Amino acid sequence: AAVGLVLLIACANVANLLLAQATTRRKEIAIRIALGARRWIIVRQLLIESLLLATGGGLLGVLGAFWGVEALAKLLPESLSKLQNVSIDARVLLFTLGVSVLTAIVFGGVPALLASRTKPGATLSDVARDMAGGTSGRHVRRVLVVSEVALAVVLLVSAGLLIRSFQLLRQVDTGFTTENALTMRMVLPFPKYQKAEARRAFYDEVLRKIHEVPGVDSAGMITFLPLSFHGMNFSFSVEGQPATSDSKLPFALFRVVSPDYFRAMGIPLRRGRFFDTRDSADAQPAVLINRRFAEQYWPGEDAIGRRLKVGPLDSPNAWLTVVGVVGDVRQTGLYEQKLEFYVPYAQERRSFMAPRDLVVRSKRDPAVIAAAVRNAVWSVDKDQPVSNVRTLDQVFAAAISQERFQALMLGLFAALALLLACVGLYGVISYAVVQRTHEIGVRMALGAQPLDVLRLVIRQGMTLTLAGLVVGIVAGTLVTRVLSDLLFGVTPRDPLTFAGVPVLLLVVAFFACYIPARRATRIDPLTALRVE
């Protein structure tokens, strides 16, 4: 959609230029008609010129696209990583050729038709000052400029909403601290670590070795690192709560962790205690819950000592005793907060719930200790694969990469649209100054001051800008509803965005009008009066 809007703005610019060019060639066209040229011949000639321009522009665009595709691949989020293999092939070239030809016909056709209506008698006698023997060309140019501004407003508002949303998303409290934390993945091979005792022995030894690495402050493990996996929701029942059918049981995120995991992640303890050596395989099954869980099921009460179990009340699963309440963590994404409960890996016997993500909190740059941490793992098992080595900052960046990409791309298109709209406005005002050279000369000869001329020209451009703003804001309120699913913390009618975009556009449009207006104040009245 953004590409289409930018294309429309570019085409409106081209149509404006072709209209202005046709106006300067009105005598040539009038002579051709006077000598017997038919209307369709004039149209054909101008369309061929438009096709040559469009084809040349399309070829230059394809050359630029080779660089653009490479730059785009570096900005792609992980969810769109397959697009890194996209390249410019025959289909892309044919599509580009088709778009170029189509835009040349559509947007070169209107200027060609208006030019073919030139009246030889009036034009050759210098009675007509505009093409088509009247004001139709001028009206079309103004409508095109208003359309450009309106489309630019739609893109600017959309980009502004996504950028605001992205900024708010970056400020979300994830529930953990990302500074100086290293992560890596270790998926234990099933045949070798089929028994729970073997897995526990491996984890205990690995964590012990990692703590011996110089610079390591704490280390822990979890089934799935926050912001990296959206699944593993288990149904549960709470002791003392009304029983419900299996189909209506509540769900919460279930994670298996090591005792020191919360310290390594910087997750705060709200009540009770963390897991420790008391939570061994033979001890009473323990569970940690997040604050939201505690507030929802034991509001105004102490959750410590309460019990819950995975599955329905009559399931054979053991009751889990709440030993602590920890802070809320954005486990599955930044958009929502869910119920969470954790169990110690020493008490979890199911192999598919074995911890796989390691977190190491260091006292210095985590990248410095990455090699030492890997060696510590391999000192326990030299064949254990270690992958996904990255910092928690990189994990967080990957979680918002798609939103960053959307905001960046739409922001680039919006900036391009603003530039094109202002170029179009500048072109129209510059052409109007040329067309009104005689009028301006008369005004100055009759005593008009340069400031009066400046106001006259700027008022003409700002009037077109304001008209485009009104149309664009109305269209923007309708179009931005489509973005509602992509927004976070802002509404599709965010007042700050809808107030900021007009101010930005008015400032840029003012300077686009000021340059030709300033040029108009320097017109010599004597030279201008000789134009006739």
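1. Let's fix one term before anything else: "buried" here stands for under 20% relative accessible area, with exposed being over 50% and partly exposed in between (1.4 Å probe, protein chains only). On that reading, 46% of the 532 residues in the chain are buried.

2. Some ground rules. This is a predicted model, where local features need pLDDT of at least 70 and side-chain atom pairs count only at pLDDT 80 or more, while totals for chains, interfaces and linings use all residues. Residues are numbered from 1 along each chain as its sequence is written, and side-chain values use heavy atoms, leaving out hydrogens and water.

3. Now the overall shape. The chain has a radius of gyration of 34 Å, whereas a compact globule of 532 residues would come in near 24 Å (taken over C-alpha atoms; the globule rule is 2.2 Å times the number of residues to the power 0.38). Along the principal axes, the C-alpha atoms fill a box of roughly 105 × 50 × 50 Å.

4. Secondary structure adds up to 16 helices and 11 strands, taken as DSSP runs numbered from the N terminus (helices are H or I, at least four residues; strands are E, at least two). With contact meaning heavy atoms within 4.5 Å, 81% of the contacts between residues at least 6 apart in sequence join residues at least 24 apart.

5. Helix α12 (residues 401-435) is the one I'd look at, starting with its partner α1 (residues 2-24): their axes come within 9 Å and cross at roughly 15°. Axes are lines fitted to C-alpha atoms, for helices over the stretch in contact, and angles run from 0 to 180 degrees between N-to-C directions. The two helices are therefore roughly parallel to each other (under 35 degrees; over 145 is roughly antiparallel, 65 to 115 roughly perpendicular, the rest oblique). The crossing of α1 and α12 is left-handed, as the near helix is turned anticlockwise from the far one by less than a right angle (clockwise would be right-handed).

6. Who meets whom there? Residues of α1 in the contact include Val 3, Val 6, Ile 9 and Asn 13, and those of α12 include Leu 410, Phe 413, Leu 420 and Tyr 431. By class, this contact of α1 with α12 has 15 nonpolar, six polar and no charged residues. For the classes, Ala, Val, Leu, Ile, Met, Phe, Trp, Tyr, Cys and Pro count as nonpolar, Asp, Glu, Lys and Arg as charged, and the others, Gly among them, as polar.

7. α12 also packs with α14 (residues 450-479), at about 145° and with the axes 10 Å apart; this crossing is right-handed. Leu 425, Val 428, Ile 429, Ala 432 and Val 433 in α12 face Val 457, Gln 460, Gly 461, Leu 464 and Thr 465 in α14. The class count is seven nonpolar, three polar and no charged residues. Val 428 also appears in the α1 contact.

8. At α11 (residues 392-399), the axes of α11 and α12 come within 4 Å and cross at roughly 55°, so the pair is oblique. Ala 397, Ala 398 and Ala 399 in α11 meet Ser 401, Glu 403 and Arg 404 in α12. That contact has three nonpolar, one polar and two charged residues.

9. Two single residues to check. Gln 406 is in α12, and its C-alpha atom is 9.1 Å from that of Phe 166, 240 residues apart along the chain. Not counting residues up to four places away in sequence, Gln 406 touches Leu 162 and Leu 486. Thr 183, in strand β1 (residues 181-185), is buried at a relative accessible area of 3%. With the same sequence exclusion, Thr 183 touches residues including Leu 225, Leu 358, Asn 388 and Arg 390.
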